[in-house]
Each structure stands twice: as C-alpha cells, then as structure tokens.
Amino acid sequence: MLKFNKSFSSFSSNDISKAKEFYGHKLGIDVSDGMEGILKLNIGGSETIIYPKPNHEPATFTVMNFPIKNIDEAVDELTSRGVKFEVYNDSDIKTDAKGIFRDGGPNIAWFKDPAGNILSVIEEK
C-alpha cells in the first residue's frame, strides 16, 4: 500500500520578488529561493511553495490560513506592517471595521498577497 510521509502545498504568483518581500518582510516568514524562480515559505517545519506563473489568476478561495492565539493582536500587528484586511458586508459574511469575522465559527480575518491570493489569520481557542 502507498504510504505518504510528507507533503507540501503550493500556489502561484505573477511576481515572485513582490511575493518574497510580502511574505518575508510584511508577514515575517522565513523564505528561501528554490529552483527556477520558486519561492519557499518555511513555516513551523513545513514548506509551502510559491511558483511563478505569468498568466496567474488569483484564487477565489483562501489558499493559506495562519492559526494565531489572539486575532485582534495579529490584525493590529499586520496592519501596522502595511497589510490590508478585507472588509466584507455580504449576506453570508460580515466583518467588523478591522476586517474580523466574529459571528459563527472561529474569529478570522482575510487579506491578500500582492498576487491577489487570499490568506487569513484564524484564532485558535
């Protein structure tokens, strides 16, 4: 039987240098360069790959979630670093002025990387 011992996720970007700046400096993630223009995000012993794609189209769903302990502290810290959080006022999802969804499920706030991919910080209880 096939047995998997390791995995990694990946998604695309239309500008790896902007991605490197965003993930490395604004988010404070350990980033490294991979082969053929690939960017590696090293997070807690796991790796996520961002690969260059000239005809990139942003994902319409959350591609990466960052579990955190305190949503307000995380949003405030990231906002101070220049991260802009999405504010939703839809029938399904309503966030507060800071961009935090607090109604039904874990507290979560969404933001986008320079390529328009959707990311989130999500509060662990």
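Colleague: Which residue in strand 8 stands opposite M64?

Modeller: The model is predicted, so local features need pLDDT of at least 70 and side-chain atom pairs count only at pLDDT 80 or more, while totals for chains, interfaces and linings use all residues. Residues are numbered from 1 along each chain as its sequence is written, and side-chain values use heavy atoms, with hydrogens and water left out. Strand 5 and strand 8 run parallel and are joined by 6 bridges; strands (E, at least two residues) and helices (H or I, at least four) are DSSP runs numbered from the N terminus. In strand 8, the residue opposite M64 is L119.

Colleague: In what order do the 4 strands of the open sheet that contains strand 8 stand?

Modeller: Two strands pair if DSSP finds at least two bridges between them, and the pairing in this sheet is mixed. Strand 7 (residues 108-112) and strand 8 (residues 118-123) run antiparallel, joined by 5 bridges. The order of this open sheet is 5-8-7-6.

Colleague: Which are the edge strands of the sheet with the order 5-8-7-6?

Modeller: The sheet has 4 strands in the order 5-8-7-6. An edge strand here pairs on one side only. The edge strands are strand 5 (62-68) and strand 6 (100-101).

Colleague: Which residue in the turn between strand 7 and strand 8 has a positive phi?

Modeller: Within the antiparallel pair, A109 stands opposite V121, and the bridge partner of I108 is I122. Strand 7 and strand 8 form a hairpin with 5 residues between them. The turn residue with a positive phi, of about 90 degrees, is G116.

Colleague: Why is strand 8 described as largely enclosed by the rest of the structure?

Modeller: A residue is buried under 20% relative accessible area, exposed over 50% and partly exposed in between, using a 1.4 Å probe and protein chains only. Strand 8 is largely enclosed because, of its 6 residues, the number buried is 5.

Colleague: Is W110 buried or exposed?

Modeller: W110 is found in strand 7. Leaving aside neighbours within four places in sequence, W110 is in contact (heavy atoms within 4.5 Å) with residues including F85, Y88, F101 and L119. At a relative accessibility of 11%, W110 counts as buried.

Colleague: By how many degrees are neighbouring strands turned against each other on average in the sheet with the order 1-4-3-2?

Modeller: This open sheet of 4 strands has mixed pairing. Strand 1 (9-13) and strand 2 (30-33) stand at its edges with a single partner strand each, so one side of each lacks a neighbour in the sheet. Axes are lines fitted to C-alpha atoms, for helices over the stretch in contact, and angles run from 0 to 180 degrees between N-to-C directions. With direction ignored, the average turn between neighbouring strands of this sheet is 25 degrees.

Colleague: Which residue in strand 4 does F11 stand opposite?

Modeller: Strand 1 and strand 4 (residues 46-52) run parallel, with 5 bridges between them. Opposite F11 in strand 4 stands I50.

Colleague: Which residue in the loop between strand 2 and strand 3 has a positive phi although it is not a glycine?

Modeller: Strand 2 and strand 3 (residues 39-43) pair in the antiparallel sense over 4 bridges, with V31 as the bridge partner of L41. Most residues other than glycine have a negative phi. The exception in this loop is exposed, with a relative accessible area of 75%. With a positive phi of about 55 degrees, this residue is E36.

Colleague: Which residues of helix 1 are buried?

Modeller: Helix 1 spans residues 16-26, and just after it G28 takes a positive phi of about 75 degrees. The buried residues pack against strand 1, strand 2, strand 3, strand 4, strand 7 and strand 8. They are I16, A19, F22, Y23 and G24.

Colleague: Which element gives the most residues to the lining of the largest pocket?

Modeller: A pocket is an open set of points on a 1 Å grid over the protein atoms alone, where a 1.4 Å probe fits, with protein on both sides within 12 Å along at least five of seven lines; lining residues have an atom within 4 Å of a point. The lining includes L27, F66, E77, R81 and V121. Strand 5 and helix 2 (71-80) are the elements that give two or more residues to this lining. With 3 residues, the element that gives the most is helix 2.
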